[in-house]
Amino acid sequence: MAALEEEFTLSTVPLGAGPNGLLGVEQSDKTDQFLVTHGGRTVILYKVSDQKPLGSWSVKQGQIITCPAVCNFQTGEFIVVHDNKVLRIWNTEDVNLDKVFKATLSAEIYRIHSIQGTEPLVLFKEGAVRGLEALLAEPQQKIETVLSDDEVIKWTKVFMVFRHPVLIFITEKHGNHFAYIQTFSSRTLSKYTLFHGQEEKSVIQNFTASVDRKFISLMSLSSDGCVYETLIPIHPRDPDENQRVVRSLLLKTVVAGNARSGVALTVLDQDHVAVLGPPLPASKECLSIWNTKFQTLQTSRELPQGTSGQLWYFGENLFMLHGKFLTVIPYKCEVSSLAGALGKLKHSQDPGTHTVPHFVNWETSRGCGFGSQNSEQSKRILRRRKIEVNVPPPAFEQLLSTIKKDSEKDIEVELCKFLAVKRTPDFHTIVGDIVLELLGRHTTEPSFYPRNSLMQLIQTHVLSYSLCPGLMEVALEKTDVQMLQLCLQQFPDIPESITCACLKIFLSDPVQEKMDEQTEILQNGFNADEQNCDSCDRKLNQKPQDAAEETTSCPVVPKRAALLNAILHSAYSEMFLLPHLKDIPAQHVTLFLQYLYFLYLKCSENATMTLPGLHPPTLNQIMDWICLLLDANFTVVVMIPEAKRLLLSLYKFVKSQICICSELNKIEVSFRELQKLNQEKNNRELYSIEVLELF
Amino acid sequence: MGEFKVHRVRFFNYVPSGIRCVAYNNQSNRLAVSRTDGTVEIYNLSANYFQEKFFPGHESRATEALCWAKGQRLFSGGLNGEIIEYDLQALNIKYAMDAFGGPIWSMAVSPCGSQLLVGCEDGSVKLFQITPDKIQFERNFDRQKSRILSLSWHPSGTHIAAGSIDYISVFDVKSGSAVHKMLVDRQYMGVSKRKCIIWGVAFLSDGTVISVDSAGKVQFWDSATGTLVKNHLIANADVQSIAVSDQEDSFVVGTAEGTVFHFQLVSVTSNSSEKQWVRTKPFQHHTHDVRAVAHSPTALISGGTDTHLVIRPLMEKVEVKNYDAALRKITFPHRRLISCSKKRHLLLFQFAHHLELWRLGSTVATGKNGDTLPLSKDADHLLHLKTKGPENIICSCISPCGSWIAYSTTSRFFLYRLNYEHDNISLQRVSKMPAFLRSALQILFSEDSTKLFVASNQGSLHIIRLLEGSFKHLHTFQPQSGTVESMCLLAVSPDGNWLAASGTSAGVHVYNIKHLKLHCTVPAYNFPVTALAIAPNTNNLVIAHSDQQVFEYSIPEKQYTEWSRTIQKQGFHYLWLQRDTPITHISFHPKRPMHILLHDAYMFCIIDKSLPLPNDKTLLYNPLPPTNESDVIRRRTAHAFKISKIYKPLLFMDLLDERTLVAVERPLDDIIAQLPPPIKKKKFGT
């Protein structure tokens, strides 16, 4: 539960009110020590727990500090900018800022960012970004202009993403906002237009952001008092294109709509934001903690003497101006989770990083707003979330009513329309609902079998067996092998009993025993991949073969082969599959075994032990299925005369496999010995005389 | 700083003994550890886990049980059937007393600390009264069928639980009769084993008895009814040890698979008062059997056959995230096992029951940094000196000239004269050692090898003049009146005028050898001394403490030197203070008085006192040679501490001459290779 602790005042010297009073608060390389930059001329290093300053530095009369001082975590030095262009770098031992290292740059600086794990990054007012080391090597280097005329930076922040810094800055031009993401791992700068949505009139007043693996979640506080969230991908698909991102409402009216000043926002952790501002038009200014997941106010603290609309959050402390004094309010949020109970919560973290705890809290599978639709993202969210079911678009309602009464043709038309619309995060559940609706009508009205619509829905790649239970059963009932094949390819969670039922149907279907059905296959709309595979098989079959080896010709027609391959690819657990395999008639088992043996021989023809084609079954899959079939049906198979030859060849191949394995083992052991000898030679010498130079 | 030829020695074939028992003392925050060779070590957990005392082992004295009693008294029991009390001041055995019950398997001190219970091979549980200077047999409890492997007192002291083979007995202490006999299931995963050995029991104040056994079970029993309450199957092998925290809200068990499990009393739901024991965390810091565990208020301590002592802090109990919150793994003793004759390039290795003398090789080649030079002569194994009798060697030393070797066991002192004739070496024992030279804690030869200094375990220091093949007792410094603390560390000045000696807690005493009197005492410091040395020419005494502080004290001026004051004022670099092994040896460069060489197990450092001291912002350790960096960076990096971490684990390092170093390493892999094979666990895919 989030809680604010007793506040205390840091500086005893009153500061000038307003943004000029305080330029910024930044972390130093020691925990509990912070650099406070006063607007004007002074930088003070405070030890927060002792509430006392450890050092204070000023620039000369006439100079003015233009951006908050930061600490270079790699060297422990401090950096400040005065008069927009002049960098000063100093140590705690230095007394006079006038005498410390100085570098004059060729362009005006907006901010210097410094976080743990990387060198400081300098953001220029024109939008260019440089690493500090590179700048210091050549201070007068030319700085390019990135932003257009009249475009000014409003806000900026830097994150570490996979050990590389990512810098975001927001600009404004004629009331429009743009977000720029500069990544340093790939050295790309991507630009996004922030799309305001329906609340066009409101003016954005304050920003904050957090990062979550692939997205930067940018939160903005608007003049209507609401907090909006925008998800911006860190790695854009097409960096050159100017992309638009839409914001979605996160919290409603957290501050009074008309508040003009003293409004600020900062992210505390995954689920909490701190908001500074008056909650009601008439009330005093307040610091409040909101839970964004449940949209509840967690706690608040009144600040009767007013604030400046600046808020910083480091470690466990919130920094803000209260009246004329810099005030610190410690903030604690204890997440109640099983991880906490198990003691895993105390996982070590990089010193200094304060962003989000990195354990997994399974309650917070946070969805993303409407702005950033991403099929990968939506595919990952498998569970249906009751809390934030987005209002289904009107097309969905219409489709449902169509399904209830109209003909199959009409449904297809409506479905096409519906699928053309952009996807929402809960798209998969909607698709599941549509399938269930279709199946529902099928059960009440057995003649209704909207095969084409169902096929189309399966091909959306978002369905799973558990989302539409009953679909495969219906297909089995109708012996619709094509749909079954599609389901086997698409669904990750098919129960073994259903897989086995499919296998039975594929093996017993008598219609497809003619070789010249290729054209019909094409008409049936089989996947191109499978087609390739089949034709490959076919080509192989047509190779001149030794007449004696009858097994090298494929025992089944290509279509059946394609179906069986789908079975081979499906996931299963041996324990659950074995009982069902016992129910397959003996002839079919023999046929399947023959096919598998054929595949095995094909595999062993090349050195890489693979089959041609786009998604061929792997050798392991083939072997596993041979073993499974024999395990389940050995006593039956051994009695069938026609299987005798097959069993003999299988026996031979098992024997040769064992031979190979044992030989490989021997080779491995010899290699290991060689490696050991080599290692011993290198660093296990018992005695040596070496040269060492100490620097 | 300069270039050195380093003799990199890895033929010191030292294997520490496995850990058999650990006992934690809450009052003094000390940990007693016994090893399979009978050695008992005392670690001071408050002083950076320094091994401050040890009692040498004995072949016939396999310790099976170890416990602390009231007033910091330490008892052990072993397979020879004796109960031993250790004298922690004089560092010797106070007395040994036969319990007359055959081998002792278990031991427990009553909650009030005044009664001692031992469990014996013959099935008897014997109660002893602890008197101020001894223990006294009181009575036997009801005799059981088979050996008593584990014992635990109820915190009220009215009942005890005793683990035997196949059952646990609960005794009433007053009557001495068994109240309950709780049979343990022999079944192990459906297979009936021959026996189920109860390796450990713990009696909680609510009457619950927790047992761990050879079938891999942790079981909870209700001692009032004698019924099984709960069963956790946690291992495929034996669960060998258990320790409960004082608050009884958590306990720890160790298994033969090397895993340590933490159990905690956790509320069933978030706001109910009902609590239950839950297995919370497994730790796999050991490869072999975890024979012993202990539970300090903030850490889980475990040790076993793989010889490591592992201290795993409980993160929820550690308030500040400082260096105490880090995992500690102690493998090597915190004292020197190696001495060196600089003149003849000899190394003397000390093992439990023998000494080895090696001569270093040589080379004529030269090379650049990192090169391995071709040897013109390999190292020679000159001598293998076996001790007589069952006692372990306490300490040993070779004289700088290489002509004398001295070593001591608990009851005998040995001095040998070595003669070198070309390649032949002959050894001659100096007989008729005086009666007072029976047992030494530390032996040291003077730089010119004419004097021998011996610290005996009664606190006295003997000075002996060595003559060709004989010796003469010169003087004995008696301990300060009223103290009996033994001296563990000695240092002599190269000019032979000063002798410094330090015990475990009191300050360092400096004696004037010419006038044979106490010169001064360096003020006592809170943390024990780990290494001592006196610099040539200046006669500055350099002292390293277990909290990683290093002091330099001028003996002639009887005060700390200016450099020492400066570094104390500024403070050491935080990374220096965070090292987790103590400095075990200090030496000096013969030509450069400003240089001090010191080392711990993972680094060695040459301190150049003429350079500025590093502060917390400078890079303390820079493994890379300086490249063409800008002046700014070079200015940042040049400081007094030149550290190298190439050789590790480093057991000994010294300067043979101004351009030659010797480094003795003991790679952990070589130790592991000599341990018995661990329990083979089936891993997927093997």
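Colleague: Where in chain A is the place of Thr156(A)?

Modeller: Thr156(A) sits in strand 14 of chain A, a strand covering residues 152-161. Please keep in mind that this is a predicted model.

Colleague: Thanks! Is Thr156(A) buried or exposed?

Modeller: To read this feature, look at the relative accessible area: a residue under 20% counts as buried. Thr156(A) has a value of 7%, so Thr156(A) is buried.

Colleague: Which residues does Thr156(A) touch, not counting those up to four places away in sequence?

Modeller: The list holds Tyr110(A), Arg111(A), His113(A), Leu123(A), Leu167(A), Ile168(A) and Phe169(A). Two of these names return when you look at polar atoms. The side chain of Thr156(A) makes a polar contact of 2.8 Å with the side chain of His113(A). A polar atom of the Thr156(A) side chain also lies 3.0 Å from the backbone oxygen of Ile168(A).

Colleague: Now let me step back. How many helices and strands does chain A have?

Modeller: Chain A has 17 helices and 29 strands. Its 695 residues include 49% that are buried. For contacts with a separation of 6 or more, 55% are between residues 24 or more positions apart. The accessible surface of chain A is about 34,000 Å², with 54% belonging to carbon and sulfur atoms.

Colleague: How should I read a single helix, say helix 15 of chain A, and what distance does it reach from its first C-alpha to its last?

Modeller: Here is a general idea to start with: an α-helix has 3.6 residues a turn, so residues three or four places apart point the same way. Then compare the span with the expected one. Helix 15 of chain A takes in residues 586-603, 18 residues in total, and reaches 25 Å, close to the expected 26 Å. Because 15 of those 18 residues are buried, helix 15 of chain A is largely enclosed by the rest of the structure.

Colleague: And chain B: how many helices and strands are there?

Modeller: Chain B has 4 helices and 58 strands. Buried residues account for 59% of its 686 residues. Chain B exposes about 28,100 Å², and 51% of that comes from carbon and sulfur atoms.

Colleague: Could we try one residue there? Where does Asp222(B) lie?

Modeller: Asp222(B) is in strand 22 of chain B, residues 217-222. With a relative accessible area of 28%, Asp222(B) is partly exposed. The side chain of Asp222(B) reaches the backbone nitrogen of Ala224(B) at 2.9 Å. Beyond its neighbours within four places in sequence, Asp222(B) contacts Met182(B), Gly207(B), Thr227(B) and Val229(B). Sequence and space can be read side by side here: Asp222(B) and Met182(B) are 40 residues apart in sequence, and their C-alpha atoms are 9.5 Å apart.

Colleague: Finally, the interface. How many residues does the contact take from each chain?

Modeller: The contact takes 45 residues from chain B and 25 residues from chain A. Together the two chains bury about 3,200 Å², 54% of it on carbon and sulfur atoms.

Colleague: Which residues form the salt bridge there?

Modeller: The count between the chains is 1 salt bridge. Glu690(A) pairs with Arg8(B), and their closest N and O atoms are 3.0 Å apart. There are also 13 residue pairs in polar contact across the interface. On the side of chain B that touches chain A, the elements giving two or more residues include strand 1 (2-9), strand 56 (641-644) and helix 4 (668-674). The largest share of that side, 8 residues, comes from strand 1 of chain B.

How values were computed. Residues are numbered from 1 along each chain as its sequence is written. Chains are lettered from A and ligands numbered from 1 in the order in which they are written. This is a predicted model: local features need pLDDT of at least 70, side-chain atom pairs count only at pLDDT 80 or more; totals for chains, interfaces and linings use all residues. Side-chain values use heavy atoms; hydrogens and water are left out. Buried means under 20% relative accessible area, exposed over 50%, partly exposed in between (1.4 Å probe, protein chains only). Contact means heavy atoms within 4.5 Å. Accessible areas come from the Shrake-Rupley method with a 1.4 Å probe; for residues, only the protein chains shown count as cover. The expected span of a helix is 1.5 Å times one less than its number of residues. A polar contact is a pair of N or O atoms within 3.5 Å; within protein, one must be able to donate a hydrogen and the other to accept it, and residues adjacent in sequence count only if both atoms are side-chain atoms. Buried area is the accessible area (1.4 Å probe) that two parts lose on being put together, summed over both. A salt bridge is a side-chain nitrogen of Lys or Arg within 4 Å of a carboxyl oxygen of Asp or Glu.
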